[in-house]
Amino acid sequence: MSFEGVDYYEMDGLLGDEERAVRDMVRDWVESELLPVIAHHYVEHTFPTQLIPQMGELGFLGANLPEEYGCAGLNNVAYGLIMQELERGDSGIRSFCSVQGALVMYPIFEFGSEEQRREWLPRLATGEAIGCFGLTEPDFGSNPGGMLTRAVRDGDEWVLNGSKMWITNGSMADVAIIWAKTGELDDATSIRGFIVETDRDGFTAKDQVGKLSLLASDTSELVLQDVRVPDSHLMPNSGGLKSPLKCLTQARYGIAWGAIGAAMACYQEAVEYAKNRVQFDKPIAAYQIQQVRLAEMLTEITKAQLLALQLGRLKDAGRYTPQQVSLAKRNNVNMACECAREARRLLGGNGILVEYSAMRHMANLESVYTYEGTHDIHSLILGQDITGYPAFS
Ligand code: TGC
Ligand code: FAD
């Protein structure tokens, strides 16, 4: 696939030199390193672990965190562009980077002690250590405040018990950020975050089998049975459900950009295919029905690009809200789902083959639609912001 940009509104001109350079560097890397292997990994249900050191070296991991901890120290627009380009390749690779950066490195940076930051961030930035984020439980997905995982103090240690479900990077991880209640089960304000090495006694990770989406991604169930960690593994500045939710805001921001990348890949593939596929003696690109499809895709991608860029500018100026992030995640992921589906349909029978990317993106995006707050949950978050009425329960 050729990776010339999908830039109908000259968005390039709205980017700074560094932002463009970062975007082009990731784009080249995806084209040369990821695209040649992704179909194989997708079919084999494996994550391309051989690419992790390169992603670390190129600064993809926790890219918007400060350089003093070994990170790239980029602004949030450049970070978003990294997510966009990675997801042009595959949502599973972007997920890996989202989790590592926004859900593991960010909480250690935001809620951790200086010692915890120094211990973990440089290693996570290079990919030498891999992390995962355990919030969701078998019976508590959209409603994480109901979690049953508990941490009980015993001398200068904490003892953790519980299980976490659907955990990205779970089986590959060296370290897990585990959210647990330190008080009564009906008290979500007692939720704290713990840094738990995955080789501790009582910690097990089991691959989620039977997935039909995000196949080049590790998704696992975690079980913690009397896992003991020293008090120094509690992130001292974490407190209440608000702490994991703040992490989700960071990851959702990256997803709002990432989904555009998947849509751009599908759109480009569809345009190229339409121009080359001849039926009834003409390229299918010459038929109005296919032109409407492509026009819709380009329109929605362009709107999503403008939305993400302005959100990024607000985030860089420190003026964005979690609800604005919800709007972008909700819109852009839904848009990408529609683009992938339309691209797959335009490709006819070939559209179901792994040699083309549309169906892989389409299947992946069903997970993206669901994780990090389902489309419905983001509707309710916006509904509350608009009306003042929470309609979650
Ligand atoms: P609620 O009472 O509304 O909120 C509790 C406190 O948190 C504050 N808050 C936020 N703060 C920062 N960022 C956000 N996004 C926030 N949302 C809420 C809120 O102001 C309140 O603060 P305070 O000071 O009053 O205590 O809590 P609730 O229990 O009613 O829940 C609200 C709801 C449903 C919106 C929330 O639970 C939610 O977002 N549910 C969706 C769960 C979810 O998204 N899970 C994702 C798991 S991780 C994942 O999927 C990784 S996928 C891999 C990848 O990223 O690639
Ligand atoms: P449920 O919450 O049971 O929702 C089922 C349906 O009910 C949905 O349609 C939902 O929109 C709807 N619904 C729920 N509540 C309401 C309501 N109040 N009003 C109206 N409709 C409602 N979690 C992590 O902690 N870490 C990870 O790394 C991680 N990675 C993931 C990777 C993958 C591939 C997937 C699929 C999930 C991952 N998750 C992770 C979990 C993800 O965040 C949850 O799946 C998601 O939050 C939804 O929870 P659930 O699956 O339990 O669905």
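Trainee: Which strand does S2 join, and how do the two run?

Mentor: In this predicted model, strand S2, residues 150-154, is joined to S3 by 5 bridges, and the two run antiparallel.

Trainee: Which residue stands opposite Asp 154?

Mentor: Look across the pair. Asp 154 faces Glu 157 in S3.

Trainee: How many residues lie between S2 and S3, and what is the phi of Gly 155?

Mentor: S2 and S3 make a hairpin, with 2 residues between them. Gly 155 sits in the turn and has a positive phi of about 65 degrees.

Trainee: What should I expect of side chains along a strand?

Mentor: In a regular strand, side chains alternate between the two faces of the sheet. Now follow S3 to a ligand. Strand S3 (157-168) supplies at least two residues of the shell around ligand 2. Helix H9 (358-370) and helix H10 (375-387) each do so as well.

Trainee: How many residues surround ligand 2, and which are the closest?

Mentor: The count is 18. The closest are Thr 136, Ser 142, Trp 166, Thr 374 and Asp 376. By class, the shell holds 9 nonpolar, 7 polar and 2 charged residues.

Trainee: Where does ligand 2 lie with respect to the domains?

Mentor: Check which domains feed the shell. Domain 2 (131-233) and domain 3 (242-387) both give residues to it, so ligand 2 lies between them.

Trainee: Which polar backbone or side-chain atoms pair with ligand 2?

Mentor: Take the backbone first. A polar backbone atom of Leu 135 is 3.1 Å from an oxygen atom of ligand 2. A polar backbone atom of Trp 166 is 2.7 Å from a nitrogen atom of the ligand. Then the side chain: an N or O atom of Thr 136 is 2.7 Å from a nitrogen atom of ligand 2. On its own, ligand 2 has 980 Å² of accessible area, and the protein covers 68% of it.

Trainee: Now ligand 1. How many residues surround it, and what are their classes?

Mentor: Ligand 1 is surrounded by 25 residues; the closest are Ser 142, Thr 249, Arg 252, Glu 372 and Gly 373. The shell divides into 12 nonpolar, 8 polar and 5 charged.

Trainee: Which helix gives the largest share of that shell?

Mentor: H6, with 7 residues. Helix H4 (91-111) and helix H6 (242-276) each supply at least two.

Trainee: Which side chains place polar atoms by an oxygen atom of ligand 1?

Mentor: Among them is Ser 95, at 3.1 Å. Lys 242 has a polar side-chain atom 3.2 Å from an oxygen atom of ligand 1. For Tyr 371 the distance is 3.1 Å. Taken alone, ligand 1 exposes 1100 Å², of which the protein buries 70%.

How values were computed
Residues numbered from 1 in each chain as written. Chains lettered and ligands numbered in written order. Predicted model: local features only at pLDDT ≥ 70, side-chain atom pairs only at ≥ 80, totals over all residues. Heavy atoms only, no water. Near = heavy atom within 4 Å. Polar contact = N/O pair within 3.5 Å; in protein donor to acceptor, adjacent residues only side chain to side chain. Areas by Shrake-Rupley, 256 points an atom, 1.4 Å probe, with all protein chains shown as cover. Helix = DSSP H or I, 4+ residues; strand = E, 2+ residues; numbered from the N terminus. Nonpolar A, V, L, I, M, F, W, Y, C, P; charged D, E, K, R; others polar. Domains from an automatic or database assignment. Pairing = 2+ DSSP bridges.
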